[in-house]
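Good morning, and thank you for making time for this presentation. I should like to go through one structure with you, beginning with its charged contacts and ending with its backbone.

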Amino acid sequence: MEPCLLRCFGLCCLLLSSLSAAAADQLIEFKDIAGNDHQPFKDKKTKAIVVVFISTDCPIANYYQPSLARLKRDYEKAGVQFFLVHPDKRLKQKDAAKHAKEFKITAPVVIDTKHQWVKQFKAQKTPEAILLSREGKVFYQGRVDNTFVDLGKKRRVGIQHDLKNALQAFVDGKPIKVARTKPIGCFISTRD
Amino acid sequence: MKPSILVFALLAILSPITLHAESKVTFSGDIASVVFSKCTSCHRPGQTGPFALMTYEDVSKRAKTLRSVINERTMPPWHPVAGHGEFRNERRLSKQQIEKFNRWVDAGCPIGDKAKIPPLPKFTDGWQLGEPDLIVEMKKGFDVPADGPDVYRSFVFPIALPEDKWVKAVELRPQARSVVHHAIFFLDNTGSARKQDGKDGKPGIHGMGFRITGALGGYVPGSSVAFLPGDLAMPMTKGSDIVMQTHFHPSGKEETEKATIGLYFADKPPSKKLVPIQVPPLFSFGKGIDIPAGEGEYVVTDKFTVPVDVDAVSIGGHAHYICREMKMVAKLPDGSEKSLLYIDDWNLDWQDRYYFKDFVRLPAGTEVHTKLVYDNSAENPNNPYDPPRRIRWGRQSTDEMGSMTLLVTAANKAESVRLQAATRRYTIQGVAGGNRLVAQFLKNNDPKRNFTKWDKNKDGKLQRSEMPFLLRRRYFDQFDIDGDGALGKDEVE
């Protein structure tokens, strides 16, 4: 399940400057829509990152923005950095910025114009969350929680907080019980 | 010789066209016209749909998501099952249309001849039916939280209508369209809703604690507002306020809703009165609904016999969360059957009223049967309890109720009185049935006789939690005289 790039990724953390593969660079060092450079694992305190594929107009992806903001607030202290990635190749920087402001997003937002992030994680939908350790291991990939049974079908009770549970287990150094779930949301378009 | 040349020539001309049309589905040739007519009215800027579907780019970009919701029949939103009633403004896609869409996506969403993409239909901005006769706006905006459970709230429009009126149509213009899921317009001419308004510090009323003296239909996303057919109209009596029950879906950001309603009045009273036939009456008050936890198929049935020839104008249903199916069938005196409405995936959030394409004539003696099926299992994602609990009849949304209502007129105007008398008798039977059930329940659960049994902690008092669930509100609101949160023996007496 670990693609080559991910294995490289761990290595990259050690050999940051010498790495030249363009796709891997995208994850090692990248720019957000505000123009800030990020090298999340350069900081020794970063234990893991959470990457969430989002969208400006998928109602399910948008519904989760407040949950994601709370998770970021709660797990940042534990060394988990959050990055929100737009897989919409044609999305304009100013529209992503407008969306971030509207939904009070504080995590860095990235536009995946070349679908390097999408390919890296084989992401299918928005929202889809990935918990990645600094060794490049995917600890969790899937939905944020199971509120949505299907598009347009919401559960009323019995919510399982899959991403939160994975984060908590990771922080506690315990095994993650549910490491893969099926994301429910809008398909990521691979069209140019 | 000549004919064969002709045939050959014809074949040469026709075959590439027919072959082409069958094998290649394109946006310009097949998809655009369907999307524009079935999706774009909501999926355009300023409307309820979350994104626009107005161009090839809009549609091709979301092709996989659209295919998924189309095949699941989540979109376009239309809940009646095909073949049970024919309705105005049907938003269903045909099997062929769905199959074509699938083929188009499989083929990589070809655009076809760009020049042949049909133009977008002309959409009206603003009031869809022209300037209303009366426009009312919510006094204060209501703040909808960014996330969390759905919010149900009723808002009072204190109109105090100066004279009796007849309503042809109601149009709702929500301000925060992305969060307003559906709304139902009730009438209250007693002023009871006004008194409740804002009591908990927020605009509107929590729940349904007001007198309902009439109703003016509702709004769900995708429904198009239209005048009632012919000279039909809904009565709105003098002194009426509108109470709009609104269901909000949090959208991920805080929004403020301040809706405007437009009312369209008829010039004169209708020549025929619309008579509701509610089966079972009073949302099954008299049916003793009591659904064990885990029960996956709990059935409630009832019937009403129409005493005179009637014309059915529209049909709708109401139930709460765990209802799964509802069906109304007319059994005609000649032995034939007409299915009037069948919903096999009932969802409270999409309750709607369906207008028949043509009035459905039901001759005198026709039995109108309703069947409601409830699913109180853990597999039902709409179940409000986890794990499932016993659910009984009640007014809270976590209780259950249910009925279907057929709106009819007497075919012969003079017979309307007989029709109304029959529906009234039917309703009274329902009340009596309900009252008998309540009386029986109270008798079986008399706190005096059960005092020792219920007083589990033996403190000589009944705490709220020691009372049967259904009795708590009744006894604690009325009899906890000293207000200590427990009932002493004297208070029970």
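A salt bridge here is a side-chain nitrogen of Lys or Arg within 4 Å of a carboxyl oxygen of Asp or Glu. Please keep in mind throughout that this is a predicted model. How many salt bridges does a search of the whole structure find over all chains? The search returns 31 of them.

Let me take one that involves both chains. A:Lys154 and B:Asp150 meet through their side chains in a salt bridge, at 2.7 Å from N to O. A:Lys154 belongs to strand S10 of chain A, residues 153-154, while B:Asp150 sits in the loop between strands S2 (142-144) and S3 (151-157) of chain B, so this pair joins two chains. Are these two residues buried or exposed? Both A:Lys154 and B:Asp150 are buried.

The next pair lies within chain B. B:Lys357 and B:Glu86 form a salt bridge in which the closest N and O atoms are 3.8 Å apart. Distant parts of the chain are linked here: B:Lys357 is in strand S17 (residues 353-362), B:Glu86 is in the loop between helix H4 (63-71) and helix H5 (95-106), and 271 residues separate the two. In contrast to the previous pair, where both residues are buried, B:Lys357 and B:Glu86 are both exposed.

A third salt bridge brings together the side chains of B:Arg324 and B:Asp375, with 3.4 Å from N to O. This pair, too, links distant parts of the chain, 51 residues apart: B:Arg324 comes from strand S15 (residues 323-331), and B:Asp375 from the loop between strand S18 (367-374) and strand S19 (391-392) of chain B. How do the two residues stand in terms of accessibility? B:Arg324 has a relative accessibility of 24% and therefore counts as partly exposed. B:Asp375, with a relative accessible area of 8%, is buried. The pair also belongs to one network, in which salt bridges with shared partners join B:Glu297, B:Arg324, B:Glu325 and B:Asp375.

I turn now to the aromatic residues. A pair of aromatic rings is described by the distance of the centres and the angle of the planes. Over all chains, the count of aromatic pairs comes to 23. In chain B, ring pairs connect B:Phe27, B:Phe36, B:Tyr56, B:Phe101 and B:Trp104 into a cluster. Charges also meet rings in this chain. B:Arg88 lies over the face of B:Tyr355, 4.8 Å from the ring centre, and B:Lys165 lies over the face of B:Phe265, 5.1 Å from the ring centre.

Next, a sheet in chain B. In what order do its strands run? The open sheet consists of 4 strands in the order S11-S20-S14-S17, with antiparallel pairing. Strand S11 (275-279) and strand S17 stand at the edges with a single partner strand each, so one side of each has no neighbour in the sheet. On average, neighbouring strands are turned by 30° against each other, direction ignored. Within the sheet, strand S14 (residues 310-319) and strand S20 (residues 402-410) pair in the antiparallel sense over 9 bridges. As one position to find on the screen, B:Ala312 stands opposite B:Val408 in S20 of chain B. Helix H7 of chain B, residues 416-444, packs on this sheet and touches S11, S14 and S20; its direction makes about 30° with that of S11.

Finally, some backbone details. Most residues other than glycine have a negative phi, and most peptide bonds are trans. Chain B contains departures from both patterns. A cis peptide bond joins B:Val279 to B:Pro280, with omega about -15°, and B:Pro280 is in the loop between S11 and strand S12 (290-291). Another cis peptide bond runs from B:Asp386 to B:Pro387, with omega near -5°; B:Pro387 is found in the loop between S18 and S19.

Two residues that are not glycines have a positive phi: B:Phe283, at about 50°, and B:Ser284, at about 70°. B:Phe283 lies in the loop between S11 and S12 of chain B, as does B:Ser284. Their accessibility is as follows: B:Phe283 counts as partly exposed, because its relative accessibility is 30%, whereas B:Ser284, at 0%, counts as buried.

Technical notes:
Residues numbered from 1 in each chain as written. Chains lettered and ligands numbered in written order. Predicted model: local features only at pLDDT ≥ 70, side-chain atom pairs only at ≥ 80, totals over all residues. Heavy atoms only, no water. Phe/Tyr/Trp six-rings, centres within 6.5 Å; stacked < 30°, edge-to-face > 60°. Lys NZ or Arg CZ within 6 Å of the ring centre and 35° of its normal. Buried < 20%, exposed > 50% of the residue type's maximum accessible area, 1.4 Å probe, protein only. Pairing = 2+ DSSP bridges. Axes fitted to C-alpha atoms, helices over the stretch in contact; angles between N-to-C directions. Contact = heavy atoms within 4.5 Å.
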